[in-house]
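Student: I am new to this structure and should like to understand its charged side chains. May we proceed by question and answer?

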Amino acid sequence: GMQEDVVLAHTPMIITRLPRTQLRVLQQQAMAVLLNLAPRAPDKFQDLSGHIITLRFLDACSKSGGEARALVQGSLMLLLSFVGLPGLQDELGQLDAVRIMLGRFTDLNSSDALRADAACILSRLCQNHVQNQATLRQSGGIVALVDQMEMYCRSRQPAKRTKKGELAPGSFGMSGGATEKLSPLMVGVVDCLWNAAVGNSRSEARLLTVGGMDALLNMLEVCPVLMRHQLAGIIADLCENRRIVPYVRAWRSDRTMVTAVELFCHHFEDEEVRLNVSRPDGVILNLWSPLRSHEGVSLSQPTAPLGDGSGSVGGGTSRPNTAGGGEGGSKDGGTTVTSGAPIAFQRLSSALQQSPAHKAERQLRRAIETQDLRAKITAVLECVGFEFAAENLPANERSALLMAQYYVAFRAGENWAQVRSQLRNENVKPIAADAILLENKLEEVFNTSRHVKCQQMHLSEESVEDESRKEAAFFDTILLQRDQEIRQEQIKRSALVPKSLQKRKAEKEAKKKMLAKSLVPQSSTSDLEGVAS
């Protein structure tokens with residue numbers, strides 16, 4: 001059945017007569033060659049209807065199972081290399097590519113690498129293509145993507161934050177160090193959701209009804225550090241839809257009970273630690289460049305010329321290009337090559353290893369080195385509303401919230417300072433009006449920084465008082481617990497005393513009270529007692 005699907009009318013007769021095992025080897029060799037040639041000659045590949053044949057071949061191999069696994073992986077990689085070509089989104093969409101790829105993605109028996117490639121192809125098919133987005137939504141694609149995120153979240157636990165001395169002790173933190181490996185499948189899932197749902201009102205509505213925002217925020221809490229940029233970006237873009245903002249405001253972590261605002265503030269502080277620009281006790285010291293280092297700065301004059309190493313101001317919510325790791329290509333090569341494997345398998349595996357999708361994680365790591373997560377967090381918090389965010393927020397988090405609130409102003413100030421330093425380096429003297437404008441802009445930022453510093457100092461004092469109150473309350477509970485234990489011990493001891501002795505004591509007490517009330521002197525009563533005895 002598979003041979004009839006893949007063999008065309010122009011196929012040489014000798015191929016149609018090959019046994020199935022030899023045909024498999026030939027197909028593997030052909031796939032290995034095409035993985036190298038097709039990206040170099042996409043037009044020729046398209047003219048020969050290569051994309052249609054590959055899609056049919058993939059569908060046929062998927063039904064064959066086990067032995068065709070390497071061919072399925074190769075077909076996916078081949079589709080991934082040319083699915084972004086102009087016009088192919090329409091054509092592949094009409095050939096039911098969305099449903100075929102969704103079938104590959106939802107097949108839980110497949111490897112993560114294979115499902116990741118299917119998610120990437122779905123992402124490319126849906127990118128800026130309303131019809132394919134609708135097909136994915138109607139086929140249950142958004143539900144499948146959200147379910148995959150929830151499954152991933154259940155398998156992870158939030159770990160303590162990697163904190164510097166000034167970070168709040170005991171705050172709940174996020175899992176995933178900077179060196180933790182990414183899951184290519186999850187990167188592909190989030191990218192697919194970004195391209196399939198964001199900007200499409202019906203898809204966004206479906207995303208809300210199936211709990212998509214909760215899944216995204218849950219994932220932001222437990223994901224590796226490298227994925228925070230992608231998740232913060234998609235949440236920021238979704239928050240442009242005002243109907244989604246209440247879901248972000250209402251979210252609270254199942255594990256740590258932090259709110260979304262607290263989570264973003266924690267990530268803001270974590271990013272400051274990563275960039276080595278932490279604020280001592282939460283207070284900025286470098287008033288000329290508040291977003292830069294606060295250690296050993298000179299406050300009498302602006303700092304050295306600023307580089308553009310932390311990304312652009314307006315780059316907070318721009319959609320990532322797919323080449324920069326927005327897709328999660330397979331990481332482990334699909335097929336494991338053993339010493340006794342046929343040469344065709346080895347060639348195919350080698351070709352898979354050389355494919356662009358395998359370099360996604362390295363590209364993503366390099367891209368993130370040049371980005372500043374604080375910009376994306378600022379974009380989300382601005383949609384949520386800074387006044388709302390500040391309500392019932394602890395002092396440390398409010399200090400970080402202030403940095404986010406004035407982030408754009410501080411970045412603008414850095415840009416003005418950079419303009420001035422470049423003019424000085426090039427020995428260009430601006431006209432009087434420009435010089436005054438530069439000084440005014442820099443002065444505005446300095447005054448803003450001073451205002452923020454003043455508020456942060458108050459918040460720092462408030463934080464110390466809060467800590468003192470918590471400590472006092474903690475000691476009070478310990479003292480109360482001790483008193484309760486002493487009281488219980490006394491009750492236990494009194495219960496252990498024999499009843500006869502208790503009765504004798506009670507009688508003695510009653511006798512004393514009676515004698516005290518009587519007017520008879522103490523000496524005569526003792527004499528009477530002696531006679532009676």
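Student: Is Asp372 buried or exposed?

Tutor: The model is a predicted one. Asp372 has a relative accessible area of 5%. Buried means under 20%, so Asp372 is buried.

Student: Which side chain meets that of Asp372 in a salt bridge?

Tutor: Side chains of opposite charge can pair when their charged atoms come close. For Asp372, the distance in the salt bridge is 2.9 Å, N to O. The partner has a relative accessible area of 3% and is buried. That partner is Arg374.

Student: Is Arg279, which meets Glu272 in a salt bridge, buried or exposed?

Tutor: The side chains of Glu272 and Arg279 meet at 2.9 Å, N to O. Glu272 is buried, with a relative accessible area of 3%. Arg279 has 5% relative accessibility, and therefore Arg279 counts as buried.

Student: How many residues apart are Glu414 and Arg292?

Tutor: The side chains of Glu414 and Arg292 meet in a salt bridge of 3.2 Å, N to O. The pair links distant parts of the chain: Glu414 lies in helix H23 (residues 407-425), and Arg292 in the loop between helix H17 (260-274) and helix H18 (343-353). The separation is 122 residues.

Student: Is Arg292 buried, partly exposed or exposed?

Tutor: Its partner Glu414 counts as buried at 3% relative accessibility. Arg292 has a relative accessible area of 22%. Partly exposed lies between under 20% and over 50%, so Arg292 is partly exposed.

Student: Which residues are linked in a network of salt bridges?

Tutor: Glu414 and Arg292 meet in a salt bridge. The network links Arg292, Arg411 and Glu414.

How values were computed
Residues numbered from 1 in each chain as written. Predicted model: local features only at pLDDT ≥ 70, side-chain atom pairs only at ≥ 80, totals over all residues. Heavy atoms only, no water. Salt bridge = Lys/Arg side-chain N within 4 Å of Asp/Glu carboxyl O. Buried < 20%, exposed > 50% of the residue type's maximum accessible area, 1.4 Å probe, protein only. Helix = DSSP H or I, 4+ residues; strand = E, 2+ residues; numbered from the N terminus.
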